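Student: I would like a close look at a single part of this protein, followed by whatever else helps me place that part in context. Please take me through it step by step.

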Amino acid sequence: MIGLPFKRCHCWVCLDDSDFDSTWIIHQCGCQLQIHKKCYFKWLYSLNKEHISQQLRNRSNGLISEETLYKRLCYLFDGHRDFYRNISFVENIVGIPIIGIPCFTFICIPMIFSFETLGVNCFSKMITEYPLPPPITSVYCPQCKKYIKKSDLDITSDSIILKLSYWGKKLIRWGISLVAISLPIVNLGKLWFQLGLWQLRQVFPEEILTALCDISTTKALDVYGGTVNGILSVPSSSKIVIFGFPLYLLGLAGDYDLFNRLRWLAPVVALKLKVSNDQSLNIARTCINISYGFISLHSYIIKPLQNKYYYKMVKDAKPYYLHDNEDSEGDTILDSYRGKYGNILISTRIFDVFIEATLWPLLGRIVGEKIFCGFIWLQNNSYVTYQPDASPNSLSMIFNFAGMGIVSLANQVFKGYVTRLRVQELKELQRNTMQLDD
Ligand SMILES: [Zn+2]
Ligand SMILES: [Zn+2]
């Protein structure tokens, strides 16, 4: 919205005067129509109501209750509705600027076509839209008879962090979708192998990796990873470690039941680092076991607490797309999210999980290195006299583990904070569009 600051505005509907702020719309087509957003919504609401009752008289179908109409208005003006909305595959691809439509035409349509011919019914699952916008979505400007642009009316919070995280999520979704549609032309197995190796290298030093993968040098794995036959010739136990590590991180980041059940495999894999005189192997094993302990602690103590926090926020926000008051139907929907209430306000999708899991070891190492530097500094300035009995490589590995823990916790705190901002935004939106009668 382009508005002149400190301008005195006069509402065309309620005839009130006040200084210009975010509650105002000024029509920028030259006519300078001034109107409260609230008043505009009220107007749109009554137009819709009229339209619906007319339809009822004529054909007695398309019944929309007042409550549904409120919800649909909220949906229409929710500037950040992708935070919760199910976005279909088709809409996602087509929505990518510039390349979206060509991609869809030349890659997706042939793909969908061939799947459908093979009898895989995927098209119907690709189109979803919920809830619908109201029958009338826009009103003519009474002065210049042009439409008032909808983007001027969207209600979004002023928080930069919320805007950035909305756009960040959008970019991630687009990026991963593009990767996903190009998967048929790349070799997924090779890519996954290289990803696993790269992630392992972020956390473990060379001497630990060679022990974990039963190989004399990990350079050999790079060579094997270059071809399919090479990957097949890697010993199975190493394949489990390399292919399994990205899956393991994906499971931790995404909290999927299946992966949660397989979590105990990590300490089992750690058994490969046999108890020996080699101290760095012992340290690595301890690191894996301690991290396993922390992960279990997290899922038994912190996760339920987080859930309570998110549950409270959902109850506080009363999102228009979920339920109105404490009605039983709403609670049933709420129950279907059991254990994942955070997803109601800002849904974490597979795209987000994938990016989080992929970058996790890298970010963990960066943070770990920073702490390591800090530790060295403290030692050099003799604030810390403790001299750990470990090689520099083992020490940096310990800090990598700690770094990954810190990154994960920071990410969760950040999500909690963004969700809080979103709750405020939803309340603001609903205050403006739902309580039209005061
Ligand atoms: Zn007004
Ligand atoms: Zn106008």
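Student: In which loop is Ile-98 found?

Tutor: This is a predicted model, and in it Ile-98 is found in the loop between α3 (89–94) and α4 (100–117). The backbone of Ile-98 deserves attention, since its phi is near 65°, a positive value in a residue other than glycine. As background, most residues other than glycine have a negative phi. Ile-98 counts as exposed because its relative accessibility is 82%, and the cut-off for that word is over 50%.

A positive phi is also found at Ser-382, which is not a glycine and has a value of about 50°. Ser-382 is found in the loop between α16 (350–380) and α17 (392–434), and with 53% relative accessibility it counts as exposed. Another positive phi, of about 55°, is taken by Asp-255 just after α10.

That helix, α10 (residues 236–254), has 19 residues and reaches 26 Å from its first C-alpha to its last, which is close to the 27 Å expected at 1.5 Å a residue. There is nevertheless a kink of about 40° at Gly-244 in α10, shortly before the proline Pro-246. Pro-246 is itself one of the buried residues of α10, which also include Val-241, Ile-242, Phe-245, Leu-249 and Leu-250.

Turning to the metal site, the zinc ion (ligand 1) is coordinated by Cys-11 (SG), Cys-14 (SG), His-36 (ND1) and Cys-39 (SG), at 2.0 to 2.3 Å. The arrangement is tetrahedral because the four donor atoms around the zinc ion (ligand 1) subtend angles of 99 to 118°; for comparison, the ideal angle for four tetrahedral donors is 109.5 degrees. Along the chain, the donors of the zinc ion (ligand 1) follow the spacing C-x2-C-x21-H-x2-C. Within this set, Cys-11 and His-36 link distant parts of the chain, 25 residues apart, with Cys-11 in the loop between β1 (8–10) and β2 (17–19) and His-36 in strand β4 (residues 34–36). Both Cys-11 and His-36 are buried, whereas Ile-98 counts as exposed.

As for confidence, the mean pLDDT of the protein is 83, and 90% of its residues reach 70 or more. Among the elements of the protein, helix α14 (residues 328–336) has the lowest mean pLDDT, at 62, while α16 has the highest, at 93; α16 is also one of the two helices that flank the loop of Ser-382.

Conventions. Residues are numbered from 1 along each chain as its sequence is written. Chains are lettered from A and ligands numbered from 1 in the order in which they are written. This is a predicted model: local features need pLDDT of at least 70, side-chain atom pairs count only at pLDDT 80 or more; totals for chains, interfaces and linings use all residues. Side-chain values use heavy atoms; hydrogens and water are left out. Helices (H or I, at least four residues) and strands (E, at least two) are DSSP runs, numbered from the N terminus. Buried means under 20% relative accessible area, exposed over 50%, partly exposed in between (1.4 Å probe, protein chains only). Donors are N, O and S atoms within 2.8 Å of the metal (3.2 Å for Na, K and Ca); water is not among the atoms, so sites may look incomplete. Four donors count as tetrahedral if all angles lie between 85 and 135 degrees; four count as square planar and six as octahedral if opposite donors are over 155 degrees apart and all others between 65 and 115; anything else is irregular. pLDDT is the predictor's confidence in each residue, from 0 to 100. The expected span of a helix is 1.5 Å times one less than its number of residues. The bend at a residue is the angle between axes fitted to the seven residues ending there and the seven starting there.
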